[in-house]
Amino acid sequence: MSFKFLKPYFPWITLVMLTIIVGIANPGFFSPAGMIILMADIVPLLIMALGMTFAIYIGGIDLSVQQIANMITVITTVYLAQFGIGVVFIVIGVGALFGILSGYVTTRFYVPSFVSTLAIGFVALSVAKWLSGQRALYMDATLRDNSFGWMFGKTWGIPHELIIAVVLVLLVWFLQTRTSFGRALKAVGSGELAAVASGLNVNRVKILAFCISGIFAAIAGLMFSVKLSGGDAQLANGFLLLAIVAVLVGGTPLTGGVGGVINTVCGTLIVMVIRAAMVYLEVDATQQQMVFGIILIIAITLTIDRSKLRGIVK
Amino acid sequence: MADFMTGGNSPLISTLRNIILKWAPLFVLASLVLLFPIFEWLEDFQRGKDHIYLIDSRFFSIRNASRIAVAATPGLMVAIGVTFIIIMGSIDLSMEGTVSVSAVIFAFVFIALGGTLASWAWLAIPVALVVGGIMGFINGVIHVMFRVPSFMVSLAMGFVGTGFALVLTGGDRIRVEDELFRSLLTVRWLNFPIMCYVALLALLVAWFIQSRTTLGRNFYAVGGGEELAIASGLNVSRVRIMGFTLAGIFFALGALMAVGRIGIAETATGNNFMFISITAVVVGGTALWGGIGGVLNTLVGVLIVNVINNGMVVIGLPNWLQDGVLGVLVITAVVLSTNRKTISFVK
Amino acid sequence: MFELKAIDKHFPGVHALQDVDFHIHRGEIVGLVGENGAGKSTLMKIIYGAYQPDGGTIEIDSKSVRFQNPRQAMDNGIGMVFQEQSLIPNLTVMENIFLGYENQFVKFGIINWQAMSVAAKEQLAKVKLDIDPNTITMELSFGQRQLVELAKVLTLEERIEGHLVILLDEPTSVLAEEEVNLLFQIVRDLTKRASFIFISHRIDEVLELSDRIYVMKDGKIVDVVQHDDAEVNAIQHKMVGRDIDKEYYREQKQKPYNSSEVLVTFDNVSLDGVYRNISFDLHAGEVLTLVGTEGSGREGILRTLYGMEQCTSGSVKIKGEKVTHFSATAGVSRSIGYVPRERKVEGIVNGMNVYENMTLSQLQNFRYMGVMNVPKEKSLATTWIERLGIKTPSVYKDCGDLSGGNQQKIVLAKWRSGGSEIILLDHPTRGLDIGAKEDVYEMIREMSDNGIGILLVADTLEEAIGLSHTIMVLKDGEFQKGFDCKPGSKPSLYDLVHHMI
């Protein structure tokens, strides 16, 4: 019975074990300064994964996040000069718009989210290519520092990126656990038909979930853009699968209704530790991706809570 | 009484509706094929050139058809592989890794054994297929034995595959320059390169497996109701593992086509196969929740995606616009072939 | 020839079967009755190999056997005709019949569809079903599917030497009367080759068909009755451990409703392909029951009133206002509550706890600026747990883990606590044991006394007669006849059936 009680904590146990293993192999891993840098580095991925969690929590998926982030890097770079920090509002607005679009196509036209979000992602890519003229754009350094310099500063040795991350995590955690929207989200994820029969406006809940996913992808895009001081229709490539992996490893299964944003924090940290481990353990660069995949399979096999998968495993 | 009239007609209407839905992907394909020449015609008309619709079309020509066919072949093989998995209601995201590994190993073995099909190097072809099969088999075994959802296993296996290909090549490109092997692309029968015929043959084999063998029918049984299939005494685990293995073999076929087409095997050979192949399967009318559809649907789906891609180039749509248009058209195609009466909700 | 000796089966926290002895002779038809949770389905599963017993032995012709899975049981001549529709809907009839045993038609890896079709025809002839074996199963009626299931199990005749044991789990629940008769005829004809174990909640049917009847209660066999000695009341008494008398449906508590207060008016309402020209008034405190066979349009009317289906013509008025916008959300805002038939799918959310389920339809009452007031939710849940006697360890319990009766009470509490004035009940007692059923009846009376209008689709005709103020009989989507059901002058079963079929 105690074993069963531990099940929801498997992802955390995996995280701690991995950390300890890496730490023993290379004590340098435990240095606080190094840790903080690692964590600050993972923040854009975390933000993207947090948004994705909502899409997966209702039993869908959002494959548009990477393209939305790409598009946002371009938008930020192009409009920074004109709007300064006000570009944040454009970023959030555009992210929300694309998320809502995905949600609308999924719920009203019955297109599976796997396809609808992928297609909406293509639309975002088009916008990015058009705005950027298919070139890599660069920000003016002074403009950037004036508007977003604060994003990469430090207070008492803590990077502001981390603070932003913590604030966002608290926000979505509150949204998920304390609000009526969060409750509706859980109902839709665990039993959509019952939610419908209880009179919930399920379509609206789903559209909102995709909207949040879009907004978070946009915020992640903004951070990429500021961090790399530019915009490009390919800047965020490679983050989509990692974001999905972070959500899944954290213990939010694709069937929905289980897990949540805190799980995703754990999943993102696991991804971070595995990737850092390969650097600390001096895994050859060409081998890293293979090792990452293998560890991933082992981690998922060990941690997923099969009792929540309801019988059949597809 | 007017309601009674419509009520009385409804069986006929619903049959008609079902027929339309069943053939919707084909209608979409046909209208696309007729649509793109209109743009060309319009363009020439504006410039005052003589233009007979369809006859003078660059798009609607044998040469272009062959171009579309060549571009579609590797993707078709991959999409066929994943069709079997989707029919079972599962998903396989490992194709990019499997294609890369199969392509790279094929190239290595091919070159090591002599570098031309006329020598023992032909053995590289079965070796590549076996490699694909093994990748799929591992996928299936982990999925079934450890009860891990296929989405997660295959996603991670994709990383492993791409990673393994990278380890093998160290990031290098391997050229496969054998004339005989490249004749897949260079030699044409009736205007189409040999690889199109090979693909057609593979499609027939897949269709045969799907409709004429126990394994193929069992995919549908698993997708239609897995618990029921188990209760009927079906060894579902075995069906699943064999399904993933079969998918792996088709991914490897896709790898061979890709190498044949470009003449290069590298880690990136597998890039971009994942989403486009699954999209093609769905556009063709195979449902993601399993049990409905098949490889012929997939052929139509792959052709739709490739016709769109090709048509946009031919009519000179700006490059930046093409992705977006593809996205919108994919949604349209799926919407047209979805029977909204029979599904209660969609994830 | 087939015998179970001292079978024991434990599940975590439950002693599902205790010391069960069971035997069946060649050509015998044995009935198995018991309340839900009495252990019938566990016993079934042990017989056909889905579960393995923790103790005891299974013997066929005095030889001990052990089945690891249903397939092994089948190879020993034991077949199961499932209660739930167990045919795979997207396959053809013949594929379903030979699923898992296609090899006999395979040559060089190729399936010979022609041969399979011929063989399937033979199987279908055994159950007197004349359909094309190439039909997609989805297109068959429920009754036809039930017969195909039987045909599928009967393939054992060719496959297995020797005698068969065939389990029939609630085979009649989706059948019309003539189909039931046909099924019984077929079963009797087949006793030359097979023995049958027949499970049904319709005790009269069990009595009619069976040579011998096992009565189960709380995981034990409490009685074995011979056909000639069997009597419905005695068996029910054994099953429940108490008498079921006239007070069962709380008839004595039925009070006249307030005919001056009309809650719902249906005026010539139609929904294409489901029902036509339905008119009625539902009054405060009235229990109005829709009676008809499967597919007579009862559920469609419920779902239209709730808003989940939009009617194609006619007008629906709720509390005097004409409904123009149909959606479940709108239905709830018109203070309608809906207790669906598929309790586990549409009634409760599996994975959410007691209070979360109870407030799901009324989130707006428990939130302030979008934030949930959990203490208020919990106190509501505690109140209703006490009021309805819901058995749950705490308000945090996942509703998916509760028993059917408690789940149903939670669904009812959801609507009653939200102040619903019109409650739609679709098979509210389906799958509940007798105790829980009585609780539901009690609640229906209580709601009716409080002036709630109830539109009911009952699980059985007796229930419909017992509970209603008014009965509407439907057939093929059309209104047949209305009955006034004052206590003492209720229509008989025959009156209703006469108009149903």
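Here are some questions and answers about this predicted model.

Me: How much area do chain A and chain B bury between them?
Reply: Happy to start with this interface. The contact takes 56 residues from chain A and 58 residues from chain B. Of the area buried between these two chains, 76% is on carbon and sulfur atoms. The total comes to about 4,900 Å².

Me: Which helix gives the largest share of the side of chain A that touches chain B?
Reply: Let's begin with the contacts across this interface, where the rule finds 5 residue pairs in polar contact. Several elements of chain A give two or more residues to the side touching chain B, among them helix 5 (87-109), helix 6 (113-132) and helix 14 (288-303). The largest share, 13 residues, comes from helix 6 of chain A.

Me: Which residue of chain A forms a salt bridge with B:Asp323?
Reply: Across the interface of chain A and chain B the rule finds 1 salt bridge. Its closest N and O atoms are 2.7 Å apart, and the partner of B:Asp323 is A:Lys129.

Me: How much area do chain C and chain A bury between them?
Reply: Here 28 residues of chain C meet 20 residues of chain A. Carbon and sulfur atoms carry 60% of the buried area. The two chains bury about 1,800 Å².

Me: How many residues on the side of chain C that touches chain A are charged?
Reply: Across this interface there are 9 residue pairs in polar contact. Elements that each supply at least two residues from chain C include helix 13 (354-358), strand 20 (371-372) and helix 15 (404-417). The residues on this side divide into 16 nonpolar, 7 polar and, finally, the charged ones, which number 5.

Me: Is C:Glu356 buried or exposed?
Reply: A good one to look at in the viewer: C:Glu356 forms a salt bridge with A:Lys186, with the closest N and O atoms 3.2 Å apart. Across the interface of chain C and chain A the rule finds 3 salt bridges. The relative accessible area of C:Glu356 is 8%, and the cut-off is under 20%, so C:Glu356 counts as buried.

Me: How far apart along the chain are B:Glu266 and B:Arg173?
Reply: The side chains of these two residues meet in a salt bridge (3.4 Å, N to O). B:Glu266 is in the loop between strand 4 (264-265) and helix 11 (273-283) of chain B, while B:Arg173 is in the loop between helix 5 (150-169) and strand 1 (174-175). The pair thus links distant parts of the chain, and the separation is 93 residues.

Me: Which residue forms a salt bridge with C:Arg416, and is that partner buried or partly exposed?
Reply: C:Arg416 lies in helix 15 of chain C, and its partner lies 30 residues away in helix 16 (residues 434-449). C:Arg416 counts as buried because its relative accessibility is 8%. The partner is C:Glu446, with closest N and O atoms 3.0 Å from C:Arg416. At 30% relative accessibility, C:Glu446 counts as partly exposed.

Me: Where does C:Lys319 lie?
Reply: Leaving aside neighbours within four places in sequence, C:Lys319 is in contact with C:Val262, C:Leu263, C:Arg334, C:Ser335 and C:Glu421. With a relative accessible area of 38%, C:Lys319 is partly exposed. Its place is the loop between strand 16 (313-318) and strand 17 (321-322) of chain C.

Me: How many disulfides does a search of the whole structure find?
Reply: A disulfide is a covalent bond between the sulfur atoms of two cysteines. Cysteines are present, among them C:Cys311, buried at 13% relative accessibility, and C:Cys399, buried at 0%. Over all chains, the number of disulfides found is 0.

Key:
Residues are numbered from 1 along each chain as its sequence is written. Chains are lettered from A and ligands numbered from 1 in the order in which they are written. This is a predicted model: local features need pLDDT of at least 70, side-chain atom pairs count only at pLDDT 80 or more; totals for chains, interfaces and linings use all residues. Side-chain values use heavy atoms; hydrogens and water are left out. A disulfide is a pair of cysteine sulfur atoms within 2.5 Å. Buried means under 20% relative accessible area, exposed over 50%, partly exposed in between (1.4 Å probe, protein chains only). Contact means heavy atoms within 4.5 Å. Buried area is the accessible area (1.4 Å probe) that two parts lose on being put together, summed over both. A salt bridge is a side-chain nitrogen of Lys or Arg within 4 Å of a carboxyl oxygen of Asp or Glu. A polar contact is a pair of N or O atoms within 3.5 Å; within protein, one must be able to donate a hydrogen and the other to accept it, and residues adjacent in sequence count only if both atoms are side-chain atoms. Helices (H or I, at least four residues) and strands (E, at least two) are DSSP runs, numbered from the N terminus. Ala, Val, Leu, Ile, Met, Phe, Trp, Tyr, Cys and Pro count as nonpolar, Asp, Glu, Lys and Arg as charged, and the others, Gly among them, as polar.
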